[in-house]
Amino acid sequence: MNVDLNTVAAFVRVVEQGTFTAASEVLGVPVATVSRRVAALESRLGVKLLQRTTRQQRLTDAGRAFFERSRNALFDLDEATRVLVDGGDAPRGRLHLTAPTSLATTVVPQWLAAFRKQWPAVAIELTTSNHYLDLVGEGIDLAFRLGPLRDSNLAARKLTHLSYHFVAAPRLDDADSRLTHPSQLADRPTITTRIGHRRMNEWRYLEAGEIRKVTVGDALSTDELDAARALALEGAGYALLPAFVVGDALRSGRLVDVLPEHEHPGRELHAVFPSNRLVSPTVRQFLDSVVTAIETDPGYFDRRRS
């Protein structure tokens, strides 16, 4: 069945914008034209897509199913057209990223600055959030994610393995109170982190090749890794934090690795992006530049250099 793409675009924009008037402004055509195109699409498909009243319109079941598929198809078509118009593989346009605060205040600015220096035609928007955002709904091209991936609808590229350290201010690690085993952390003041409402108070460590756990107190917790580092620097307790958060403090001696013989299994760092989109040359080039930066200077991630 041949369908006029203008009618599909009109329908998608009406649903996205909420009204025919708003859709007409986005499309740059009169409201009557938008209404006529949607009606033509319904006639061509032989189904009702929108239930319209004088004040609002509501998707039918058929309309909802068609909207999800047609919106993705239109995005892919727009992206393919943009790639050709922009001149092949040269990165340009806008790149919208999201990253946890801890990454956005440490290594991501370095990656963005280096990328912008090489590709000044790219405008970059960075959204900082410790929550998983809806990449498709919010128009985000790429997200950095720590730990295991949950959303199977996203494509992913592993960037590196993150090492973690058991750290504390030097005054907590004097000769009289020095830790010799992670199990002792159960009886020490600790600074835990939260992911949403879940408290991360089961700390893992490797022993004889096996992963073991110690449950620590959570009287002092935060959802910001940077805040946990600041509390550790103040001597508020022991913390388990990734090397990219505490690497500089360890190198300067403001924090110490209190259990250097007991390694944490670490976590993965991935870049994720909508699997139903074409990966633009800009996203591909940015990812390649990040991988190169990590391989060239892995100090924030490689335990041996932290």
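I take a helix to be a DSSP run of H or I with at least four residues, numbered from the N terminus. On that footing I can place G253, which comes just after α8 and has a positive phi of about 85°. I note at the outset that the model is predicted.

**Entry 1: the chain overall**

I counted secondary structure and found nine helices and 15 strands. The chain has 306 residues, and 43% of them count as buried. I then looked at contacts with a separation of 6 or more, and 74% of these join residues 24 or more positions apart. The exposed area of the chain comes to about 16,000 Å², with 49% supplied by carbon and sulfur atoms.

**Entry 2: the largest pocket**

I looked up the largest pocket, which holds about 970 Å³ of space. Its lining has 39 residues, and T193, I195, R198, M200 and R267 are the closest to the centre. Which strand supplies the largest share of the lining? It is β8, with five residues. Other elements that give at least two lining residues each include β3 (93–99), α5 (101–104), β5 (142–146) and β13 (238–242). Strands β9 (198–200) and β10 (202–207) are also among them. Sorted by class, the lining has 17 nonpolar residues, 11 polar and 11 charged.

**Entry 3: helices α7 and α8**

I went to α7, residues 225–233, and listed its buried residues as L225, D226, A228 and A232. Seen down the axis of α7, these fall within an arc of 160°, so they line one face of the helix. I recall that an α-helix has 3.6 residues a turn, so residues three or four places apart point the same way. What do the buried residues of α7 pack against? I found α5, β8, β12 (220–222), β13 and α8. Just after α7, G235 has a positive phi of about 80°.

I then moved on to α8, residues 243–252. Seven of its 10 residues are buried, so α8 is largely enclosed by the rest of the structure. I wrote the buried ones down as A243, F244, V245, V246, G247, A249 and L250.

**Entry 4: three single residues**

A10 is in helix α1, residues 5–17. I asked whether A10 is buried or exposed. A10 is buried, because its relative accessible area of 0% is under the 20% cut-off. I set aside neighbours within four places in sequence and found A10 in contact with L27, V34, R37 and V38. I also checked A10 against S35, which is 25 residues apart from it in sequence, and the C-alpha to C-alpha distance is 8.1 Å.

V258 sits in the loop between β14 (256–257) and β15. Its relative accessible area is 4%, and V258 counts as buried. With neighbours within four places left aside, the contacts of V258 are F166, V167, A168, D173, L179 and Y238. F166 is 92 residues from V258 along the chain, yet their C-alpha atoms are separated by 5.8 Å.

H270 belongs to strand β15, residues 267–274. I found H270 buried, with a relative accessible area of 14%. Which residues does H270 contact, beyond its neighbours within four places in sequence? I listed A143, F144, R145, G147 and L149, together with A156, R157, K158 and L159. A143, F144 and R145 fall in the range of β5 (142–146), a strand I had already noted as supplying at least two residues of the pocket lining.

Definitions and conventions. Residues numbered from 1 in each chain as written. Predicted model: local features only at pLDDT ≥ 70, side-chain atom pairs only at ≥ 80, totals over all residues. Heavy atoms only, no water. Buried < 20%, exposed > 50% of the residue type's maximum accessible area, 1.4 Å probe, protein only. Contact = heavy atoms within 4.5 Å. Areas by Shrake-Rupley, 256 points an atom, 1.4 Å probe, with all protein chains shown as cover. 1 Å grid on protein atoms, 1.4 Å probe; cavity = no way out; pocket = protein on both sides within 12 Å on 5 of 7 lines; lining within 4 Å. Points joined across faces, edges and corners; volume = space filled by probe spheres on them. Nonpolar A, V, L, I, M, F, W, Y, C, P; charged D, E, K, R; others polar. Arc of directions from axis to C-beta.
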